[in-house]
Amino acid sequence: MRLRPWAVWAAGLAAYIVAVLHRSSIGVAGLDAQERFGVGAGALAVFAVLQLLVYAALQIPVGLLLDRFGSMRLVVAGALVMVSGQVLMAVTDGMGGAITARILVGAGDAMTFISVLRLVPHWFPARQVPVLSQLTGIVGQAGQVLSAVPLAAVLAGPGWTPAFLGAAAAGVLVAIVALAALRDTPEHRINNGDSMSWQRLGTDLGSSWRHPGTRLGLWAHFTTQFTGTVFALMWGVPFLVAGQGLSRATAGVLLTVFVVTGMAAGPILGLLTQRHPLRRSWLVLGIVAINMTAWAVVIAWPGRAPLPLLVALVVALGLGGPGSMIGFDFARSFNPPSRLGTATGVVNVGGFTASLVTIQLIGLILDYRTGGSNDYHIDDFRVAMSVQFLVAAAGVVGILRSRHLTRRHVAAEKAGLAPAYAAKVS
């Protein structure tokens, strides 16, 4: 019985790893996609933007479904939806089919992460939840390594169709594993929540949103996650190859460094979150400062940046993934278990909304500067990547405002002036 929680977690984690592979596959294949579909940077960004738009738009509905139907059914359904998207991407040669494929990937991806994250508090003691939540998010990023190395190698060798069919086959495998191994709770293989009326759905969503602690989680996720997602999902490889003049192999190694950094930092940030719950927002703000400082130095560097500086950049960006997990810890702290899926979905909207806006803005700026061609210069990327500072500034304002409201709300709860459900303050 002691091994059962780890087996359940491992099955869910495998599903999430493959979901990240599907999610990030278009970034690795970005230059190949431009050639296959004959499109510029702005049109290429539509793939990722629509995928993220669907992902973000479905977070709250999926969170509500998660509270009702449990993790196992959503993980399996998500895996199969992503498989259908990757099969379509493998065989299509038109923009319409490719866009539909990425929408399917975004929809299946939306069902996966928060469903796996929901398993952790059901199967492990509360003291382990922050660390295991970090591990879930960070080990899952191994999917980026699968896209940056083996998927990229298949793209460069056998080609487009075998690469995406191979990704689809991995999705079928994890769907089978999830169906066989996942259990929603130690007591039930499938744990149905209470039937939900429209009134109940609105009540749960409204209660989650009205608590400023949930909004603090959303803004924390918004600000820490977006720049790494933009880099890994869409513009990292074009920036490194077309802008900085690196080979694809070197760019793949840097993406691997990005993932490994997050995997190494995740447990440390999880322990810090567990031991210093009153300083969680300061951890978030510190990570944002590191990310933006690294980008400022790279963008300001005259000419192409030296390789050590690009390594420092991807290391800094690697902190964003585990930093964004602190947002989910805010959701857990300030919401009862009955609406945890809903609150987690609200938080998860943050980073992906910021990411899709930034991805599209970068694509539009690149198209404007190059006239829609793929002939990029480092100065084009300097201007385009600078839009990230505006997005980060908006997120920091959101963090500071919601942190103030959260602390005031918690004080009111302690004084008996507000309904109480808060485990810790920020």
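Seven helices share the job of walling in the largest cavity: H1 (4-28), H6 (129-139), H10, H11, H13, H14 (320-334) and H15 (340-370) each put at least two residues into its lining. Keep in mind that this is a predicted model.

**The cavities**

H10 gives the largest share of that lining, with 7 residues. The largest cavity has a volume of about 320 Å³. Its lining runs to 30 residues, and those closest to the centre are Arg-23, Gln-141, Gln-225, Thr-229 and Gly-321. Sorted by class, the lining of the largest cavity comes out as 14 nonpolar, 15 polar and 1 charged.

In total, the structure holds 3 cavities of 30 Å³ or more. The second largest cavity takes up about 180 Å³. Around its centre, the closest of the 16 lining residues are Leu-117, Ser-133, Phe-328, Asp-329 and Arg-332. Two or more lining residues come from each of H5 (95-123), H6, H11, H14 and H15. Here H14 supplies the largest share, 5 residues. By class, the lining of the second largest cavity splits into 8 nonpolar, 5 polar and 3 charged residues.

**An open pocket**

Now for a space of the open kind. The second largest pocket has about 170 Å³ of space. It is lined by 15 residues, with Val-28, Ala-148, Ala-152, Arg-248 and Ala-249 closest to the centre. Helices H7 (142-156), H10 (212-243) and H11 (248-275) each bring at least two residues to the lining of this pocket, and H7 has the largest share with 6 residues. As for chemistry, the pocket lining counts 12 nonpolar residues, 1 polar and 2 charged.

Here are the linings by class:

| Space | Nonpolar | Polar | Charged |
|---|---|---|---|
| Largest cavity | 14 residues | 15 residues | 1 residue |
| Second largest cavity | 8 residues | 5 residues | 3 residues |
| Second largest pocket | 12 residues | 1 residue | 2 residues |

**Out on the surface**

Leu-307, Val-311 and Val-315 make a nonpolar surface patch of about 200 Å². Leu-307 sits in helix H13, which covers residues 307-318. H13 is also one of the helices that help line the largest cavity. Leu-307 counts as partly exposed because its relative accessibility is 42%, and that class lies between the cut-offs of 20% for buried and 50% for exposed.

Methods
Residues are numbered from 1 along each chain as its sequence is written. This is a predicted model: local features need pLDDT of at least 70, side-chain atom pairs count only at pLDDT 80 or more; totals for chains, interfaces and linings use all residues. Side-chain values use heavy atoms; hydrogens and water are left out. On a 1 Å grid over the protein atoms alone, a cavity is a set of points where a 1.4 Å probe fits but cannot get out, and a pocket is an open set with protein on both sides within 12 Å along at least five of seven lines; lining residues have an atom within 4 Å of a point. Grid points are joined across faces, edges and corners, and a volume is the space filled by probe spheres set on the points. Helices (H or I, at least four residues) and strands (E, at least two) are DSSP runs, numbered from the N terminus. Ala, Val, Leu, Ile, Met, Phe, Trp, Tyr, Cys and Pro count as nonpolar, Asp, Glu, Lys and Arg as charged, and the others, Gly among them, as polar. Patches are made of residues with over 30% relative accessible area and no salt bridge: like charges are joined within 9 Å, nonpolar side chains (Val, Leu, Ile, Met, Phe, Trp, Tyr) within 5 Å. Accessible areas come from the Shrake-Rupley method with a 1.4 Å probe; for residues, only the protein chains shown count as cover. A salt bridge is a side-chain nitrogen of Lys or Arg within 4 Å of a carboxyl oxygen of Asp or Glu. Buried means under 20% relative accessible area, exposed over 50%, partly exposed in between (1.4 Å probe, protein chains only).
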